[in-house]
Amino acid sequence: MHPTVGRSRGVSSVATQTLTLTAIFMLTLSYANGFATLPAELDRPQRCQLERTYKMVGYNCANLNLKEIPQTLKSSLEIFDLSFNRIRDLNAQSFARYTSVKYLYLFENMLHNIDEDTFSLLTNLEAIDLSYNALKSIPLELFQLPVLRNLYVSHNALYELETSLAALEKPIKAPLQVLGLADCRLQRLPDFGVLPDLWQLNISSNPMKELTLGQFSPMCNLKTVDLNNTQIPICACQVLTAELVLRRTKIMYPPLYCIPLTSSEQNLCQAEAGQEIQPEQVADFLQCMEIQKSRQLDTEAKSTWTKIVVAVASCIVLLAIILFYLHRRNEKKLKAKLKRNLQKAPLKNISGVMVPQTLGAPEEAPTENAKCDKLLSDCD
């Protein structure tokens, strides 16, 4: 073999191997960077999936790149998952045919504009998640839904919330129990009015410059407050945490400076404690407690009336059982008596019939003898 040809073949084989290794390296790098996503795209469902959870009909429409609410699903759905899509706008027709929905998930979208009355027809809605969107306020009709318990609007820049709450009708009708307001750019706690059912509040990651104890007055049933990474003035935070603990409210992830280290710091902050609650805030707290007390009395009254109804019903049932038992016993006695009478009746009839026959026989005998005597006398 010519030495030039052997050298060229060796160079070409080395170049081929180099290109192959380079291609494998680039493919691996592209896959690691997220460019080679064809298999993942093929595995992704292309339409909403019908699911049943806890005997409820639901649709999973998550991560479908939807830009609007689909209108071809069953109107009886109760769970509606529209998370991880590209929905920007909602209007009054978006959920008009889905009035049975109870759990609505709209987090991780691009929601910017929500028209008035978008959610007003969802009277069965119990929970809604609007987190991780581009909202500037909260739709006010949500606070008028009769059974809404959980509201999550975390990670929205709610710069216009305080202004829009001026038009909020108070007291609200929604029995809110869980409220998520994490990372919403809030400088003070929003005034939603009296919230007697609220027991869990998340206001973490907010620059709370004016957070005071009085702002918690309408929440007399509060059990847990999440203050993780919340920026609060030192004295306000110390007074707030101390007073909430006295109300048996659990503070989750409080900043370290909220716990006074020295007695001088504690005395300094306590001097400001009595100047923070305003008269209207005290009135809100008393109203909240009055609502709770009235509900407790209603619950006790319902329980008492239930016990009374159960007792009366039990007495009626017991009386009915006694009457039924007496009726059956009398019925058995009457049947036994009739049976005895029927057994005696044939003997009386037989004796009554036979006696006349025995008595009539001697009367017929003299009559026949008389006729015979007459015939003999005639023959003579």
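Helix H4 covers residues 234–246 in this predicted model. Its 13 residues reach 19 Å from the first C-alpha to the last, close to the 18 Å expected at 1.5 Å a residue. Follow the helix with an eye on its cover, and you will find these buried residues: Cys 235, Ala 236, Cys 237, Gln 238, Val 239, Leu 240, Thr 241 and Leu 244. After H4 comes Arg 248, and its phi is positive, near 65°.

Let us step back to the whole chain for a moment. It holds six helices and twelve strands. Of its 380 residues, 31% count as buried. The surface that the chain exposes comes to about 24900 Å², with 59% of that supplied by carbon and sulfur atoms. As for contacts, take those between residues at least 6 apart in sequence: 49% of them join residues at least 24 apart.

Now turn to the strands, starting with E1 and E2. Strand E1 spans residues 49–53 and strand E2 spans residues 56–60; the two run antiparallel and are joined by five bridges. Together they form a hairpin, with two residues between the strands. Tyr 54 sits in that turn and has a positive phi of about 50°. To trace the pairing residue by residue, look for Gln 49, which stands opposite Asn 60 in E2, and then for Arg 52, which stands opposite Val 57 in E2.

Strand E2 has another partner to visit. With strand E3 (residues 79–81), E2 pairs in the parallel sense, over three bridges. Here Gly 58 has Ile 79 of E3 as its bridge partner. So E2 is joined to E1 in the antiparallel sense and to E3 in the parallel sense. How many of the five residues of E2 are buried? Four of them are, and E2 is mostly covered. In a regular strand, side chains alternate between the two faces of the sheet.

Our last stop is helix H6, which runs over residues 279–379. Ile 322 has its place in this helix, and it belongs to a nonpolar surface patch of about 590 Å². The other residues that make the patch are Leu 318, Leu 319, Leu 323, Tyr 325 and Leu 326. Why can Ile 322 take part in a surface patch? Patches are made of residues with over 30% relative accessible area and no salt bridge; Ile 322 passes that area cut-off because its relative accessible area is 41%, which makes it partly exposed.

Technical notes
Residues numbered from 1 in each chain as written. Predicted model: local features only at pLDDT ≥ 70, side-chain atom pairs only at ≥ 80, totals over all residues. Heavy atoms only, no water. Patch = residues over 30% accessible without salt bridge, like charges linked within 9 Å, V, L, I, M, F, W, Y side chains within 5 Å. Areas by Shrake-Rupley, 256 points an atom, 1.4 Å probe, with all protein chains shown as cover. Salt bridge = Lys/Arg side-chain N within 4 Å of Asp/Glu carboxyl O. Helix = DSSP H or I, 4+ residues; strand = E, 2+ residues; numbered from the N terminus. Buried < 20%, exposed > 50% of the residue type's maximum accessible area, 1.4 Å probe, protein only. Contact = heavy atoms within 4.5 Å. Expected span 1.5 Å × (residues − 1). Pairing = 2+ DSSP bridges.
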